[in-house]
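Visitor: I'm new here, so could you walk me through this one?

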Amino acid sequence: MVRLVAEENRYLLQSTPEEAALVQRIPGCRWLAQRRCWTFPHQAGVILALDRIFGERGWDHDAALAIDVASARGQVWPPAGSQAGVRLVRDQLAISCAVTDRELVKRIPGYRWDPEGRCWYVAALPLALDILADGFGTTLSVTSEAASYIDLKRIEEGGTGPLSLSLSEAATAMPAERLIKPTGAEPAAELRPTTAVGPPADVFARLTEQLERLTAAIERLDERLAGGGAPSGRATGAPAPARADPAEAEPGSVEEVLARLNEDAPAALDQANRALQASAGDWPDMRALAGIAAWRAGRADTAFEHLSRALHPRRNAPGATIATPARVAYEELVLSLINADTRPVRPIGSASDMRGLILLELQEGSGFDRAAFGSSGLRTLDQLVTEEGLAASLPDLAANCRVAQLVASARAGARRARAQVVDALRTGGLHPDGQALAAVLLANVLLNAETVSDWIMGWPREVAELGLEDASWVAERAMQFLPLVDRELAAPAALAVLAIVAPAPSEQVTLQHRRELARYASGGNGRYAQFLAFYAVALSGERASVDQFPGYLSVLAERSLESSAGYLADVYMAGTPDLNAEIAERAYLPSFEARGVHEPIREMIDLIPLVETSPRADNLLNRMGAMVEGDEVAGASRVTAAQRLHLFRAAFEAAVGRRHDQDAREAFWRLVRQYQLEPGNSAVRELCAECLAAEFRPLKAPALICQLETLLAEGADHHEAFANVGEAIRKARKGNQDLETLERAVIGLQFAYPQLRDDVQAALAGAGQEPELEAPPSFGGKRIVLAGGRPAVCKHVEAALREWRCDVVWLDAAAAKQGERALAAARGSADLVVVNTAYIGHAASARIRAEAEGAGKRPVLNDADGVGLMLSRIWKELTREAASPVALNARPRKVKGLRDRAGI
């Protein structure tokens with residue numbers, strides 16, 4: 001059973017000699033003599049062709065090909081949209097069809113595109129025409145010449161119907177002598193003199209006779225090779241013409257050379273040379289045979305001379321039966337020169353192999369030996385790119401040679417290398433594979449890099465740096481060659497084109513072109529391709545959905561603000577509000593969190609307007625403020641006090657402007673903490689007065705509490721300081737959040753300032769509350785750990801806790817954020833761990849909390865500020881643990897007495 005395996009950019013097929021005749025029915029197959037197996041291009045059509053020849057269960061494949069096989073069999077091919085024509089060109093079928101129907105042609109293995117003729121070429125085999133007929137149906141027109149040729153090929157294959165016989169059926173239907181057994185050399189291409197075609201029976205008899213002679217010739221060649229008679233030099237298994245009968249050959253004729261070619265290549269070369277000297281004009285068939293014979297005889301220079309002239313486009317071409325083996329010999333000769341002089345990392349056996357190595361050289365610099373590639377290899381490539389016969393007969397190999405020459409020239413520092421690469425791509429004369437490789441090389445040259453790995457994921461260069469005034473032609477050229485190359489080459493070529501055109505303005509490279517390029521480049525570097533595609537669009541102010549390029553935001557998020565800040569500022573100035581909001585939330589903030597800031601003014605302060613375009617600006621700015629305040633972001637120490645105030649104030653104003661109460665309270669207390677670091681309390685008092693005068697109610701209670709504590713800390717009269725708070729408590733309605741906040745704050749404050757106790761109880765009673773308050777409460781033996789907190793606050797809290805007969809351990813912010821001391825205290829013998837999250841940040845808070853919970857303790861996370869709120873929360877937790885909650889329900893019988901005592 002034949003077995004298919006994958007190797008680099010090709011498939012290898014192993015078969016028995018009996019299966020070889022069926023394998024040869026598949027277009028694109030070649031015999032690889034060194035490996036004694038068949039080689040096919042890495043195309044889905046190979047799998048479909050094997051299914052047609054052997055049936056889905058009649059052949060095997062490597063486990064690694066399971067996805068390829070399933071994908072090929074499950075692919076849905078679009079119906080033909082227009083007429084298609086097929087004509088015979090030598091031994092190839094030339095197919096003309098609409099661009100939209102190209103996928104129907106690509107079902108045939110070994111297809112190639114001719115950019116000059118604007119048509120597809122496939123091997124002229126019955127299977128190829130059957131696949132075309134299946135795809136195009138009645139829209140397919142075939143010339144009579146092509147139909148007759150295919151009919152003869154069907155006879156050679158042993159039947160006239162579609163090639164769907166199983167292996168056993170084919171062996172039964174075909175004579176045994178027709179099953180040619182491949183040996184160590186490649187099966188010889190059939191070369192026979194042109195004669196009139198008789199009736200089908202006569203043709204069948206003649207073909208059978210010639211096949212027998214061909215089999216005998218191959219067996220004799222095997223014997224010579226086994227006996228050490230192989231020609232020396234670079235000669236390989238080029239296809240050998242069929243042997244004619246010497247008795248029937250006319251002296252000095254093509255038939256005479258054919259008669260000697262397989263048995264004695266040097267003698268055949270001598271005969272061919274004499275015949276060419278005796279002829280009056282050009283004799284293309286004899287010239288081609290002389291080249292084949294010279295290659296067989298190991299005389300590479302002579303073979304190169306003859307084959308170059310025989311296949312020159314401006315000379316008469318050899319006949320169809322001689323031209324094919326001449327092209328194969330020419331290809332083997334050229335590849336042998338390249339293998340010897342450029343020293344690739346693995347032997348090159350085809351144009352596809354060379355293409356893969358050039359791409360590897362362009363991407364990683366590891367396709368060829370560096371020294372040979374730039375010296376002897378360059379000289380050989382310089383010679384090959386001037387061969388018109390190579391470009392005419394083997395355009396894909398010629399294009400590869402041209403790109404390889406350009407790579408070697410660029411590495412050697414040639415002055416005109418840049419201009420030559422631009423010309424090679426701009427003129428469009430190369431095979432599509434060559435154009436794709438040239439695009440990758442052009443990106444390397446313009447970006448001053450040797451390989452793709454040197455610039456991949458880098459920041460796009462400015463247009464002036466690239467030296468291209470107009471990059472539109474690069475994108476337009478890419479749109480022409482990308483549909484014609486394989487996926488393995490299209491992806492890196494499209495990425496290279498995007499790297500070139502990324503900074504180009506939208507009037508040069510349209511959004512549609514960028515979208516198409518990103519689609520071709522999808523895969524391993526798809527995110528980066530989308531980033532490059534949308535890079536200039538974001539700067540244009542064009543209304544385009546960034547969701548079509550999701551990689552743009554993810555790549556931006558991974559970049560440091562040190563490199564992206566200037567670009568983000570430009571995008572903010574030119575971009576749409578929706579785009580700016582997306583960038584702020586999904587790119588800027590993740591970058592800020594992960595990589596921090598190096599220049600706070602440029603990377604943070606100047607970009608606050610960008611963040612403010614988000615509907616969640618207050619939340620985003622508060623997150624930034626928390627990271628800066630808690631030193632949780634890299635570079636936080638570089639942010640000055642004035643810059644911190646700018647950031648905190650922006651968060652405060654954004655929250656008030658959006659009427660978001662929770663974010664407003666968080667921003668208010670962060671501003672208070674920053675103001676309290678300054679000498680005096682004037683800034684704090686001004687902030688509180690601002691909040692009290694505003695109509696935004698959620699900040700009135702925090703402002704009253706902050707104002708009260710500020711006045712008490714300054715030594716103001718406690719009755720006057722408490723007046724506004726007491727009035728607010730009495731006016732507040734039950735169930736109101738402001739009342740709850742004020743109640744909690746004053747309950748705690750009366751513990752720190754005992755002189756307030758009467759005023760507090762009177763105010764609570766006036767609001768319908770009558771708490772039973774101990775003066776002071778007693779929690780003897782309790783050990784409390786305070787992690788973080790403002791020193792002025794913790795000083796009053798610690799004093800009050802000691803009056804409660806508690807043992808207190810206070811860790812300032814520095815000790816709480818780092819070091820083992822905080823963790824040891826959390827998991828130690830403490831009865832209560834209070835974590836002031838507003839001061840030490842989320843990371844340190846999470847560590848301490850985890851340690852406390854791991855030790856079986858329930859930590860108290862205090863996100864409020866001020867003495868009163870902190871003491872109130874601690875008191876509540878301790879009384880809860882003591883199972884003696886303090887009743888806060890009103891007791892009507894005492895209300896009047898309390899009011900009288902308070903003078904109300």
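Guide: Sure, and one term will help before we start: a residue is called buried when its relative accessible area is under 20%. Keep in mind too that this is a predicted model.

Visitor: Which residues of helix H24 are buried?

Guide: H24 covers residues 511-520. With the under 20% cut-off in hand, you can pick out its buried positions: Leu511, Arg514, Leu517, Ala518 and Tyr520.

Visitor: What do the buried residues of H24 pack against?

Guide: They have helices for company. The buried residues of H24 pack against helix H22 (472-481), helix H23 (487-501) and helix H25 (526-540).

Visitor: Why is H22 largely enclosed by the rest of the structure?

Guide: Look at which of its residues are buried: Ser472, Trp473, Val474, Ala475, Arg477, Ala478 and Phe481. Those buried residues pack against helix H19 (417-427), helix H20 (432-446), H23 and H24. H22 is largely enclosed because the buried share of its ten residues is seven.

Visitor: How much of the protein chain do buried residues make up?

Guide: The chain has 44 helices and 14 strands. Out of its 904 residues, the buried ones make up 53%.

Visitor: Let's move to the strands. In what order do the five strands of the open sheet sit?

Guide: The pairing in this sheet is mixed. Strand S8 (112-114) and strand S10 (140-142) are the edge strands, each pairing on one side only. Put those at the ends, and the order reads S8-S9-S7-S6-S10.

Visitor: Which helix packs on that sheet?

Guide: The helix in question touches S6, strand S7 (92-96), strand S9 (119-123) and S10. Its direction makes about 145° with that of S10. You'll find it at residues 126-136: helix H5.

Visitor: And which residue in S10 is the bridge partner of Val86?

Guide: Strand S6 (residues 84-89) and S10 run parallel, joined by three bridges. Follow Val86 across to S10 and its bridge partner is Val142.

Visitor: Which residue in S12 stands opposite Val785?

Guide: Strand S11 (residues 783-787) has four of its five residues buried, so it is largely enclosed by the rest of the structure. S11 runs parallel to strand S12 (residues 807-811), with five bridges joining them. Opposite Val785, in S12, stands Val809.

Visitor: What is the handedness of the crossover from S11 to S12?

Guide: The chain leaves S11, passes through helix H39 (residues 791-803) and reaches S12. This β-α-β crossover is right-handed.

Visitor: In S13, which residue is the bridge partner of Leu786?

Guide: S11 also pairs with strand S13 (residues 832-836), in the parallel sense and over four bridges. For Leu786, the bridge partner in S13 is Val834.

Key: Residues numbered from 1 in each chain as written. Predicted model: local features only at pLDDT ≥ 70, side-chain atom pairs only at ≥ 80, totals over all residues. Heavy atoms only, no water. Buried < 20%, exposed > 50% of the residue type's maximum accessible area, 1.4 Å probe, protein only. Helix = DSSP H or I, 4+ residues; strand = E, 2+ residues; numbered from the N terminus. Contact = heavy atoms within 4.5 Å. Pairing = 2+ DSSP bridges. Axes fitted to C-alpha atoms, helices over the stretch in contact; angles between N-to-C directions. Right-handed = clockwise from strand over helix to strand, strands pointing away.
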